[in-house]
Structures are given as C-alpha cells and as structure tokens.
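The exercises below concern a single protein chain with a ligand. Please work through each task before reading its solution.

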Amino acid sequence: MQRYAALKAIYERLEDDNIVVVTIMGAVSAELQDIGHRPNFFYLQHAMGLASSMGLGIALARPELQVVVFDGDGSVLMNLGGLTTLARYRPPNLAHIVFDNESLVSVGGFPTATSTGSDLEGIAREAGVPRTATVEGIDAFVTAFDEALAADELTTLVAKVTTEGPAGYVTDLALIENRFQFSRHLKNLREQS
Ligand SMILES: Cc1ncc(C[n+]2csc(CCOP(=O)(O)OP(=O)(O)O)c2C)c(N)n1
Ligand SMILES: [Mg+2]
C-alpha cells in the first residue's frame, strides 16, 4: 500500500468538522497538503516524534473533538516514551495512525528498526495502548481507520506502507500561518458549540 493512496482513501473522513488532524513533518505533510489542505490540519514541522504528544494534549483539552495523528515509524522510534504517555492518559478520542515504511523516507530513506524486526504495534500494546492493530492493504486500512474512529478508545494503528515519498516537498503553507490558522479553527469550533 502506498501512503499517498491510503491518505486519499480516508481523506473525506477528515472533512468532518469534529475531526482535527496533526501530522509529522516531511513526506506525510507534503502528501496530505497535495491532496488538499484544510484548516483542521496541523503539520508539526521539525519536532520529530512529538506529533502524538501534541495530539494527546488536544485530545485531553478538547474531549468533544476526534483527534487523528498521522505519525511515522522513525518518529515513533525517536520518542518511544510517547506511547507510554498516550497509554497512561488514554484519551478515547485519539486515533494514532503510524505509517510504517521501515525508513526515514523524508531525509533520504535510511532504514529504521522496523526494517530489522521491531514491531511498533507490539510496543504500543505492551506500553498499555488499549486498542492496537497492524494493517497492510488499502481496504484493511480504511476499515481499521473507521473502526478506530468509532471505537471510543485510544487506538494505535500501524499501517505498513511502501518506502515511497512525494516527488517534492514544496508546500505553499508557511509554518506560522498554519499555526495561527489551526489554533483559530480550534477556538472557532469551541465558540460554535
Ligand atoms: C529531532 C529531529 N531529528 C531529525 C529530523 C530530520 N527529519 C525530518 S523527517 C525525518 C524522518 C521521519 O521519519 P518517519 O517518521 O519514518 O517518516 P517518513 O519520513 O518515513 O515519512 C527526519 C530524520 C527532525 N526533523 N527532527
Ligand atoms: Mg518512515
């Protein structure tokens, strides 16, 4: 499964006003922006490994929202303690999706520990995350994604994807602009409710 195709397959779910999305930097954020930026998307540039921590904070502060984090194998491996903190607070409104391409694709494609057998779903499960799964194909991914949103329980879903990144990483959304647009969006949602 290609990550771009996986993102495309679930994109319409992300248009729901109750959903907020936090992604890691690099390839995932470029691919999601290529499909279409939305004000409910935040791309956590530079702070590798901390997208799930940012998602955790939003999920705890805003229990009425559904938070989706798009993470990567290299990023999770850089901050394994993030999984134990997710498990400790286990917000039911957080779906933690880890695209595992067994590589640091965004910086040239260095193989990560998942290429030599480390199992991120197993690590998440033993850290105490209550719902975990690993999926390989698009149909299984879409089904598991929908189940994670419907579950009302913290989920870490590892999606095995091919080691492919986008052709280019140029996006037309500045980090600062995204930061203000996203926080305004969260504030507006609160004012509407
Ligand atoms: C602390 C830190 N170290 C290194 C980087 C450089 N960096 C940016 S993206 C990336 C790879 C991320 O790997 P992964 O999470 O597997 O995502 P992929 O690139 O495979 O989509 C690296 C090393 C960074 N942004 N921050
Ligand atoms: Mg990777």
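Three exercises follow, based on a predicted model.

**Exercise 1.** Determine how the overall dimensions of the chain relate to the globule rule.

*Solution.* Step 1: the secondary structure comprises 8 helices and 8 strands. Step 2: the radius of gyration is 15 Å, close to the 16 Å that the rule gives for 193 residues, so the chain is as compact as a globular protein of that length. Step 3: along the principal axes, the C-alpha atoms occupy a box of roughly 50 × 35 × 30 Å. Step 4: 42% of the 193 residues count as buried.

**Exercise 2.** Establish the strand order of the open sheet of 6 strands and identify its edges.

*Solution.* Step 1: the order is S2-S1-S3-S4-S8-S7, with parallel pairing. Step 2: S2 (41–43) and S7 (131–135) each have a single partner strand, so one side of each lacks a neighbour in the sheet. Step 3: from one strand to the next, the twist averages 15°. Step 4: S4 and S8 pair over 6 bridges, and Asp-100 has Lys-160 in S8 as its bridge partner. Step 5: helix H2 packs on the sheet, touching S1, S2, S3 and S4, with its direction at about 135° to that of S1. Helix H3 lies across S1, S3 and S4 and runs at about 175° to S3.

**Exercise 3.** Characterise the shell of 17 residues around ligand 1.

*Solution.* Step 1: the residues that come nearest are Met-48, Gly-72, Gly-74, Ser-75 and Ser-106. Step 2: helix H2 (27–36), helix H4 (73–78) and strand S5 (103–104) each give two or more residues. Step 3: H4 supplies the largest share, 3 residues. Step 4: by class, the shell has 8 nonpolar, 8 polar and 1 charged residues.

Conventions: Residues are numbered from 1 along each chain as its sequence is written. Chains are lettered from A and ligands numbered from 1 in the order in which they are written. This is a predicted model: local features need pLDDT of at least 70, side-chain atom pairs count only at pLDDT 80 or more; totals for chains, interfaces and linings use all residues. A residue is near a molecule or strand if its C-beta atom, placed from the backbone, lies within 6 Å of it. Helices (H or I, at least four residues) and strands (E, at least two) are DSSP runs, numbered from the N terminus. Ala, Val, Leu, Ile, Met, Phe, Trp, Tyr, Cys and Pro count as nonpolar, Asp, Glu, Lys and Arg as charged, and the others, Gly among them, as polar. The radius of gyration is taken over C-alpha atoms; the globule rule is 2.2 Å times the number of residues to the power 0.38. A residue is buried if 20 or more other C-beta atoms lie within 10 Å of its own, exposed if 12 or fewer, and partly exposed in between; C-beta atoms are placed from the backbone. Two strands pair if DSSP finds at least two bridges between them. Axes are lines fitted to C-alpha atoms, for helices over the stretch in contact, and angles run from 0 to 180 degrees between N-to-C directions. Two residues are in contact if their C-beta atoms, placed from the backbone, lie within 7 Å.
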